[in-house]
Amino acid sequence: CAAHDWASWFDNVQFSEKMYADTYYLLQSIVRKQDPLGRCGAEGSAGGDLEYTVKDLKFWGPYRSLVNDELLRNLAPNHVRGIWWGGYVNGSLRDGYPVGQWEYVLTGTCNADQWFTIAPGQAESGISGDLQLAPYVKLYLPHLKELRRGLAQLMIHVPMRPDPIALYFSHPSDRIASQDDACPPPSDALADLIRFCYLHGFDVKMVTPRTLAKLQGCKALFLASDTALGDAEVAALEKFAKGGGRLASNVSNLGIYDEFLGRREKPVLEGLYEKFDDYKDDAKLLAFLAQAKVAPREEVTGLPPGDVILRVRQLGDMKVVGLKTHTKNRGRDVTIDLKGEGHVYEALKGYVGRLSKIEMKPMGVPFRLFSVFPEEQSAPAFETAAALTAGEFATYATKDLRQGSTYRLEVFDPDGRALAWREEIFKAYNYEKMSVSYHHFPTVYHVVTGKYM
């Protein structure tokens with residue numbers, strides 16, 4: 001194409017991206033002739049135009065990156081988003097802590113974990129040459145058991161707290177950044193903004209040209225090196241700004257290209273946004289949000305900013321506050337400022353107290369999960385089965401459950417031994433329509449008879 005004819009160049013790029021995506025759809029149609037319910041997609045692949053590629057697939061397993069992980073979570077919330085567990089020879093994966101699994105479930109970016117290996121005993125494997133679990137994997141098991149016994153279900157069932165801020169992602173802006181030196185890559189700015197959200201407890205909501213409706217309810221929108229914007233995008237952003245929303249941009253050549261990479265005579269939205277040199281100054285970002293009347297959220301101190309993932313979920317008046325950091329920070333004293341008092345419980349441990357700040361001295365295990373309530377909570381009512389006769393069904397009734405909350409039911413025989421195979425993790429559905437939740441399990445004829453708890 002002619003020099004700097006980026007529109008013609010982008011025509012070729014978009015054609016290639018469509019062919020790439022259509023290949024998956026062709027293969028999906030073939031697979032579904034044999035397995036109509038099969039979830040099809042790709043593992044360990046670049047997305048091209050990720051939004052277009054995954055829109056009608058049911059699975060995607062990308063090579064992980066900070067920006068693409070959060071983008072995929074926003075674009076495909078109901079997809080299986082799996083990643084190869086991949087025991088690469090990496091110290092952070094082999095020091096006894098399942099940092100990847102904690103991060104997946106805390107952020108919600110990946111909701112599936114693919115465990116496989118090429119051959120036993122290989123350096124990348126989780127299995128030793130004698131077909132036993134590798135020693136470092138055995139160190140994971142107590143932590144994975146905690147996830148399985150309720151921590152993961154709690155984070156899965158409770159949705160992320162909706163926050164009135166959003167980040168803008170433009171695929172054409174990402175593409176022109178590879179060609180025009182005056183156009184910085186959006187991924188750099190987005191990475192800074194995501195780290196800011198992780199540090200201050202904000203959800204990472206991402207808006208794209210195809211999802212402009214998500215601007216409704218937002219008070220502040222961060223444009224991230226968006227040098228290519230279509231006319232419809234410009235109109236929507238102008239309406240947002242003139243309707244009271246606050247716009248921020250880290251570039252002054254905003255929208256100098258349209259969505260096809262045709263060059264405009266001048267940038268767009270002049271006078272409607274606040275200009276930032278970059279998004280690295282937390283104080284300036286917080287001041288901008290304060291001007292947009294966005295209330296301050298939780299905040300972590302005591303950790304390097306780049307090593308913090310703080311995620312806050314909310315269900316009614318219950319907040320679930322999770323923190324994950326690098327294993328090297330286990331000896332640090334860490335504080336989560338809740339920006340207000342609440343009754344705090346640590347998951348699987350119990351009541352901590354009425355607090356405005358959660359202090360961990362030291363951090364210890366580099367993943368901690370807390371629930372915060374405005375009032376102190378009482379245990380749900382629990383009715384045990386009558387003395388059990390061998391071969392009968394045992395029935396338990398639970399009352400006073402919080403709708404949508406996650407519970408773990410543990411069963412003990414008359415001798416006080418826990419029956420791990422009878423443990424049940426359940427979510428209280430539609431509790432306003434039911435006064436009691438019943439749980440049943442059959443017994444064998446050689447069972448210990450008597451009162452089960």
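**Figure 1. Lining of the largest pocket in the predicted model.** The residues that line the largest pocket comprise 16 nonpolar, eight polar and seven charged ones. The volume of this pocket is about 1,100 Å³. Of its 31 lining residues, Ala379, Pro380, Thr406, Tyr407 and Arg408 are the closest to the centre. Four elements each supply at least two residues of the lining: helix 5 (135–157), strand 11 (334–346), strand 13 (367–373) and strand 16 (406–409).

**Figure 2. An open sheet of five parallel strands.** The strands of this sheet follow the order 4-3-5-6-7. Strand 4 (206–207) and strand 7 form the edges, and each of them pairs on one side only. Helix 9 (residues 282–291) packs on the sheet and touches strand 3 (165–168), strand 5, strand 6 and strand 7. The direction of helix 9 makes about 140° with that of strand 5. As background, strands of a sheet pair through backbone hydrogen bonds, in either a parallel or an antiparallel manner.

**Figure 3. Pairing of strand 5 with strand 6.** Strand 5 (residues 220–223) and strand 6 (residues 246–249) run parallel and are joined by four bridges. Alanine 220 stands opposite arginine 246 of strand 6. Leucine 223 has serine 249, also in strand 6, as its bridge partner. Together with helix 8 (residues 231–242), strand 5 and strand 6 make a β-α-β unit, which is right-handed.

**Figure 4. Pairing of strand 6 with strand 7.** Three bridges link strand 6 to strand 7 (residues 273–275), and the sense of the pairing is parallel. Alanine 248 has glutamate 274, in strand 7, as its bridge partner. Strand 7 is an edge strand of the sheet.

**Figure 5. The second largest cavity and its lining.** The model contains two cavities of 30 Å³ or more. The volume of the second largest cavity is about 30 Å³. Asp49, Leu50, Glu51, Leu71, Leu75, Phe169 and His171 line this cavity. Helix 2 (50–54) and helix 3 (66–75) each supply at least two of the lining residues. By class, the lining divides into four nonpolar residues, one polar residue and two charged residues.

**Figure 6. A cis peptide bond between lysine 361 and proline 362.** The omega angle of this bond is about 0°. Proline 362 lies in the loop between strand 12 (350–360) and strand 13. Strand 13 also appears in Figure 1, as one of the elements that supply at least two residues of the lining of the largest pocket. For context, most peptide bonds are trans.

**Figure 7. A positive phi at lysine 293.** Lysine 293 is not a glycine, yet its phi is positive, at about 60°. The residue is found in the loop between helix 9 and strand 8 (299–301). Helix 9 is the helix shown packing on the sheet in Figure 2. In general, most residues other than glycine have a negative phi.

Technical notes
Residues numbered from 1 in each chain as written. Predicted model: local features only at pLDDT ≥ 70, side-chain atom pairs only at ≥ 80, totals over all residues. Heavy atoms only, no water. 1 Å grid on protein atoms, 1.4 Å probe; cavity = no way out; pocket = protein on both sides within 12 Å on 5 of 7 lines; lining within 4 Å. Points joined across faces, edges and corners; volume = space filled by probe spheres on them. Nonpolar A, V, L, I, M, F, W, Y, C, P; charged D, E, K, R; others polar. Pairing = 2+ DSSP bridges. Right-handed = clockwise from strand over helix to strand, strands pointing away. Contact = heavy atoms within 4.5 Å. Axes fitted to C-alpha atoms, helices over the stretch in contact; angles between N-to-C directions.
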